[in-house]
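Visitor: I am new to this protein and would like to learn how to read its empty spaces. Could you walk me through them?

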Amino acid sequence: MQIPANRLDLTFRENQNEYEEKALSVLRSGWYVLGEENTAFEREFADFLGGGRVVGVGCGLDAITIALHTLGIGPGDEVVVQANTYIATVLAVTHNGATPVFSEPDDHFAMDPECLEKKITPRTKAVLVTHLYGMMTPMDGIRSVCDRHGLLLVEDCAQAHGCEWNGKKAGLFGEAGCFSFYPTKNLGAFGDGGAVVVQEPMLEENIRCYRNYGSDRPYHNAETGVNSRLDELQAGLLRVKLTHLDDFNRVKSEIAERYLREIRNPLIRLPQHVVGAKNVWHQFVIRCEQRDALRTYLQKKGIGTAIHYPVPPHLSEAYRSIGVLKGAFPVAERLADTVVSLPSYFGLTEEEQAYIIEALNAFRE
Ligand SMILES: Cc1ncc(COP(=O)(O)O)c(C=O)c1O
């Protein structure tokens with residue numbers, strides 16, 4: 001049996017006619033950037049989230065970068081990020097000239113409020129939480145640290161479309177929630193895309209202006225903005241996918257639940273549910289001290305896996321200049337050495353799931 005680490009064609013095939021009709025109608029409309037599809041998607045995504053004001057942008061990295069910019073974060077400001085996040089979270093901070101301050105994650109890959117509190121200095125301006133792997137960060141502890149210290153709270157929801165904490169969706173807990181629609185995401189476009197959700201009308205207006213050359217009306221520029229817009233084709237296709245997102249998330253959750261029930265091997269650590277958190281299992285990530293041997297063994301059986309992520313941002317070549325040395329964040333570094341993402345995509349058959357489970361349960365040192 002051959003099972004790739006991920007497949008993106010199956011969600012497309014599931015509703016192929018709808019996507020094709022939408023693509024044709026956008027192509028025939030003669031309007032390709034910032035039009036009716038974008039406006040409708042922004043409204044429908046806000047409905048899905050159950051609140052907030054949504055602004056479409058070019059990608060997830062832009063969503064975070066623009067959110068931080070419009071919140072006034074810049075040189076001299078510190079932003080706390082979890083040390084095991086994807087590098088884009090950190091890039092958004094440094095692209096604004098601000099300083100990323102890394103904080104160790106807890107046992108569920110999420111930002112640990114106690115570690116976070118120890119990182120706060122007089123220069124700390126914001127906390128940037130990532131709901132990594134589609135596992136919802138318990139928000140009570142984080143929110144109360146932010147409130148106690150008067151910090152802005154921004155959520156990186158790139159992997160968390162539909163995650164909830166005590167019934168409230170990821171993206172609605174702070175000043176801004178930032179989404180990616182990169183094709184692999186639970187709500188993935190057919191190219192790049194992103195969105196910011198905010199609560200404040202003024203912030204929404206500023207983001208709308210900044211994403212479009214800083215233009216508040218045609219050919220008048222209030223500030224030196226960027227070009228980061230969600231195009232009509234992606235917005236239209238995302239509208240189609242959004243109507244199926246709950247189904248895709250449910251199917252991914254069923255796969256995750258089966259893995260949690262049936263994978264039994266003392267060499268493998270499974271992710272854990274946290275009471276109050278609704279996960280959408282963007283990735284199903286296990287931990288194994290013999291990670292490389294496990295991956296080779298699975299590969300021989302035709303099972304593809306991935307590592308999210310092998311190098312924590314503070315050890316990446318790109319951030320060598322910030323001078324954080326190996327050993328500074330042992331929890332995040334240990335995760336980078338031991339995590340493995342299993343195939344858990346929409347369309348993975350029950351037979352394939354059983355084959356993966358059987359292979360994992362038979363793995364020996
Ligand atoms: C946690 C996280 N943040 C930010 C991003 C950036 O999103 P994009 O690739 O759309 O720029 C991604 C996705 O790649 C991500 O996984």
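**Spaces within and between domains**

Guide: Happily! This is a predicted model, and by the rule used here the count comes to two cavities of 30 Å³ or more.

Visitor: How are the domains laid out along the chain?

Guide: The chain is divided into domain 1 (9-242) and domain 2 (245-362). Taken over C-alpha atoms, their centres are separated by 24 Å. The contact between them takes 42 residues from domain 1 and 38 residues from domain 2.

Visitor: How much area do domain 1 and domain 2 bury between them?

Guide: About 3400 Å² is buried between the two domains, with 65% of it on carbon and sulfur atoms. There is charge pairing to look for too: the count between domain 1 and domain 2 is three salt bridges.

Visitor: Back to the cavities, then. Which residues line the largest cavity?

Guide: A cavity is a space where the probe fits but cannot get out. Here, the lining of the largest cavity includes Asn84, Thr85, Leu132 and Tyr133, along with His308, Tyr309, Val311 and Pro312. Helix H12 (residues 330-338) gives the most to this lining, with three residues. The volume is about 60 Å³.

Visitor: Where does the largest cavity lie with respect to the domains?

Guide: Look at who supplies the lining. Domain 1 and domain 2 both give residues to the lining of the largest cavity, so this cavity lies between them. By class, its lining has nine nonpolar, three polar and no charged residues.

Visitor: What lines the second largest cavity?

Guide: Among its lining residues are His108, Met135, Met136, Gln272, His273 and Asn279. At least three residues come from each of domain 1 and domain 2. The classes are six nonpolar, four polar and no charged, around a space of about 50 Å³.

Visitor: And the largest pocket: how many residues line it, and which lie nearest its centre?

Guide: A pocket, unlike a cavity, is an open set of points. The largest pocket has 21 lining residues, and Tyr86, Ala88, Ser180, Tyr182 and Lys185 lie nearest its centre. Helix H4 (60-70) and helix H5 (87-95) are the elements that each give two or more residues to this lining, and H4 gives the most, with three.

Visitor: What classes of residue make up the lining of the largest pocket?

Guide: Nine are nonpolar, nine polar and three charged. The pocket holds about 380 Å³ of space, and its lining draws at least three residues from each of domain 1 and domain 2.

Conventions:
Residues are numbered from 1 along each chain as its sequence is written. This is a predicted model: local features need pLDDT of at least 70, side-chain atom pairs count only at pLDDT 80 or more; totals for chains, interfaces and linings use all residues. Side-chain values use heavy atoms; hydrogens and water are left out. On a 1 Å grid over the protein atoms alone, a cavity is a set of points where a 1.4 Å probe fits but cannot get out, and a pocket is an open set with protein on both sides within 12 Å along at least five of seven lines; lining residues have an atom within 4 Å of a point. Grid points are joined across faces, edges and corners, and a volume is the space filled by probe spheres set on the points. Helices (H or I, at least four residues) and strands (E, at least two) are DSSP runs, numbered from the N terminus. Ala, Val, Leu, Ile, Met, Phe, Trp, Tyr, Cys and Pro count as nonpolar, Asp, Glu, Lys and Arg as charged, and the others, Gly among them, as polar. Domain bounds come from an automatic or database domain assignment. Contact means heavy atoms within 4.5 Å. Buried area is the accessible area (1.4 Å probe) that two parts lose on being put together, summed over both. A salt bridge is a side-chain nitrogen of Lys or Arg within 4 Å of a carboxyl oxygen of Asp or Glu.
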